[in-house]
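This report describes how one protein chain is packed. Please keep the sequence and the structure in view while reading.

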Amino acid sequence: MKIYFILFLTLFLLGCSNKTVTIKSLQPSQISNIRVHDVILEKFINDNINQTNYIEEQIVNKIVENKRVFTLKPTYKNVDAIITGEVLDSSIHFSYYYEDDVDYTRCVEFEYKDKKRSDKCLRYKKIKIPCERKDYYVQTKIDVLDYNEIALFSKIYKGHKQNIDCNYNRRFFTEYFLHVNRVKNNSTDPVNLEIAKDIASKAINDISPHYSYTKVKFFSNFDNKNYPDTMIKSFENIVELLEKNLTNIAQEKLIILNEQLNSSSYEVLYNLALTYENQSLFTKARKYYFEAKDICTNNEDLVLIDNAIERISVNSYNNSKAKSQLIKK
């Protein structure tokens, strides 16, 4: 118990010390040789978990940059791609075990004073609670073919969820039963359907331009403590805005603060760059990142700035590639 508490406390303190903002970036489809817009969807093999329907739902509702990514066609005529696949597995794996616990309603050792038993309990009865663990698995193979049935994309998606139910009132298992694992194949359990829905979302993201969301650390304190109190207070207010992911409002205040400080704070410059990066304004973001790098003397903070410069180089390229994929032929 002490180990878990220390681990929790460590993670909590790390979470408090590392302030982050969520950066939204546009990523391209993994199909790079062809623009996929007009598609036909074939019924998946062995599909008893609505995998085909979930894929169709994602195709029809996929909108990026206010543009509909796909047009679902009823026939094979003039299609860019054929989406097909197979449900390889939809199962539930059952396993059973006992979990140790304490029954605080049953005292097995009381405290004695002057040879008389008091109401204070020194030790409660240890008990074993029967538990059932369910592991839900789904595997789906998804293929994207061109009109001539040449593979453009192929991937096996695997999903897993787990549920543990420990119940005092459950009938106690025999020793034999504890060592027997049961498997239910071709499951249509609601949890398996949820996994199939998650797989559909991931698959359509892979074959179309999509948004990704990354948590990025920002500066929440000045390295230089000699700034006026009014500037420090202003920066603290901006930090609160960034914590709430109100990057547009934070940007306006950062511009003013940067002017007041005559671009002397790398923390302000870096945070300002971060807000432009979130708007996919990579030229402005790069400018402020480099200005922050030029005046930063803290080695640890320099690593953060260098990582940001490398990140926007990749995201800038991906953004351009994704936008080109959104242009219809």
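At 4% relative accessibility, Pro209 counts as buried, where buried means under 20% relative accessible area, exposed means over 50%, and partly exposed lies in between (1.4 Å probe, protein chains only). The model is predicted, so that local features need pLDDT of at least 70 and side-chain atom pairs count only at pLDDT 80 or more, while totals for chains, interfaces and linings use all residues. Residues are numbered from 1 along each chain as its sequence is written, and side-chain values use heavy atoms, with hydrogens and water left out.

**The surroundings of Pro209**

Pro209 lies in the loop between helix H4 and strand E10 (210-217). Helices (H or I, at least four residues) and strands (E, at least two) are DSSP runs, numbered from the N terminus. Although Pro209 and Gln27 are 182 residues apart along the chain, their C-alpha atoms are separated by 5.6 Å. Not counting residues up to four places away in sequence, Pro209 touches Gln27, Pro28, Ser29, Lys62, Val64, Val69, Ala322, Gln325 and Leu326; contact here means heavy atoms within 4.5 Å.

**Nonpolar cores**

A nonpolar core is a set of buried Ala, Val, Leu, Ile, Met, Phe, Trp, Tyr and Cys residues joined through side-chain atoms within 4.5 Å. The largest such core has 37 residues, of which Tyr270, Leu274 and Tyr289 touch the most other members. Two or more residues of this core come from each of strand E1 (20-27), helix H5 (229-243), helix H6 (247-260), helix H7 (266-278), helix H8 (282-295) and helix H9 (299-325). H7 gives the largest share, 8 residues. Which residues are in contact with Leu274, leaving aside its neighbours within four places in sequence? They are Val21, Ile23, Val216, Lys217, Phe218, Tyr289 and Arg311. Another core, of 35 residues, lies apart from the largest one and includes Phe44, Ile55, Ala81 and Tyr136.

**Helix H2 and its cover**

Helix H2 spans residues 51-61, and its buried residues are Gln51, Thr52, Tyr54, Ile55 and Ile59. Why are they on the same side of H2? They cover an arc of only 165° around the axis, the arc being that of the directions from the helix axis to the C-beta atoms. The cover over these buried residues includes strand E2 (38-41), strand E5 (71-72), strand E6 (81-113), strand E7 (116-145) and helix H4 (190-206).

**Two helix pairs**

Two packed helices are described by the angle between their axes and the distance between the axes. Axes are lines fitted to C-alpha atoms, for helices over the stretch in contact, and angles run from 0 to 180 degrees between N-to-C directions.

The axes of H2 and H4 come within 9 Å and cross at roughly 40°. That angle makes H2 oblique to H4; angles under 35 degrees count as roughly parallel, over 145 as roughly antiparallel, 65 to 115 as roughly perpendicular and the rest as oblique. The crossing of these two helices is right-handed. A crossing is left-handed if the near helix is turned anticlockwise from the far one by less than a right angle, and right-handed if clockwise. On the H2 side, Gln51, Tyr54, Ile55, Gln58 and Ile59 take part, and they meet residues of H4 that include Leu193, Ala196, Ile199 and Ala200.

H6 and H7 pack at an angle of about 145°, and their axes are 9 Å apart. H6 passes H7 in a left-handed crossing. Among the residues that meet here are Leu254, Ile255 and Leu257 in H6 and Leu269, Leu272 and Tyr276 in H7.

**Selected residues outside the cores' description**

The table gives the place and relative accessibility of four residues.

| Residue | Place | Relative accessibility |
|---|---|---|
| Asp165 | strand E8 (residues 151-166) | 33%, partly exposed |
| Asn50 | loop between E2 and H2 | 33%, partly exposed |
| Asn262 | loop between H6 and H7 | 66%, exposed |
| Thr71 | strand E5 | 28%, partly exposed |

Asn50 is not a glycine, yet it has a positive phi of about 65°. Asn262, also not a glycine, has a positive phi of about 55°. Asp165 and Glu132 are 33 residues apart in sequence, with 5.3 Å between their C-alpha atoms. Thr71 touches His37, Asp38, Val39 and Lys328, not counting residues up to four places away in sequence.
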